[in-house]
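Open the model in your viewer and show side chains as sticks. The stops below go from one residue outwards to a pair of helices.

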Amino acid sequence: MLAGWHLGHVIAKPLLMPLLVAYAITRGAPRLLVAALLFGWGGDLALLFDAEAAFLVGMGSFAVGHVCYLVLFGKRPANPLLGGAYALALLGTVALLWADLPADLRIPVAGYSLLLTAMAFRSSALGLRAGIGGALFLLSDTLIATGVAEWPQLPRPDFWIMATYLAAQYLLATGATSREAGVR
């Protein structure tokens, strides 16, 4: 992605989540984790296409993955101050992006953002590793949203989006399969 090699991106992107699924399974991954990663893979595949319908399908697939993560995290306690910080981040981000988003994407993006933020917050209940993974997933998707809103981007924005997304999924997967997480 840094070199701008589009074909390499198109070939590699569909392979990444299946490889992480295989790795997670070797670590005794619970079914909900495998499902979350596979729905992430579905989102990855949809986002290979540059069309609004593909964006919505991808966002929907990721949303189902976030629901899987939320169920996986269960009712373990999480820091309420962190929850407040995430709530402020959600409200601020949606408010700032709202006017610049295409009108037909505003409600879907806001709804998805709520689900994503809930997942990011709840991931912290599994420990620091998973919590950082949830935060990076939020960052990755915020970078996507700023691109949809046509805000100025970092150089090679796709690289930063994929780097934070891959780190997020890896940290969530390994955080959910660590002994400290105790998820089954």
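Select Tyr 165 first: in this predicted model its relative accessible area is 3%, so it counts as buried. Tyr 165 sits in helix α7, which covers residues 157-176.

Now add Phe 62, in helix α3. Phe 62 is also buried, because its relative accessibility of 7% falls under the 20% cut-off. How far apart are the ring centres of Phe 62 and Tyr 165, and at what angle are their planes? The centres are 5.7 Å apart and the planes stand at 85 degrees; since over 60 degrees counts as edge-to-face, the pair is edge-to-face. Along the chain the two residues are 103 residues apart, so the pair links distant parts of it.

Add Phe 137 to the selection: with Phe 62 and Tyr 165 it makes up one aromatic cluster. Across the whole structure, a search finds seven aromatic pairs.

Next, keep Phe 62 and show all of α3, residues 52-73, together with α5, residues 106-123. The axes of these helices are 9 Å apart and the packing angle is about 30 degrees, which makes α3 roughly parallel to α5. The crossing of α3 past α5 is left-handed.

To see the contact itself, select these residues:

- On the α3 side, Phe 55, Leu 56, Met 59, Phe 62, Ala 63, His 66, Val 67, Tyr 69, Leu 70 and Phe 73.
- On the α5 side, Pro 108, Val 109, Tyr 112, Leu 115, Leu 116, Ala 118, Met 119, Arg 122 and Ser 123.

Coloured by type, the residues of this contact divide into 16 nonpolar, two polar and one charged.

Key. Residues numbered from 1 in each chain as written. Predicted model: local features only at pLDDT ≥ 70, side-chain atom pairs only at ≥ 80, totals over all residues. Heavy atoms only, no water. Axes fitted to C-alpha atoms, helices over the stretch in contact; angles between N-to-C directions. Helix = DSSP H or I, 4+ residues; strand = E, 2+ residues; numbered from the N terminus. Parallel < 35°, antiparallel > 145°, perpendicular 65-115°, else oblique. Left-handed = near helix turned anticlockwise from the far one by under 90°. Contact = heavy atoms within 4.5 Å. Nonpolar A, V, L, I, M, F, W, Y, C, P; charged D, E, K, R; others polar. Phe/Tyr/Trp six-rings, centres within 6.5 Å; stacked < 30°, edge-to-face > 60°. Buried < 20%, exposed > 50% of the residue type's maximum accessible area, 1.4 Å probe, protein only.
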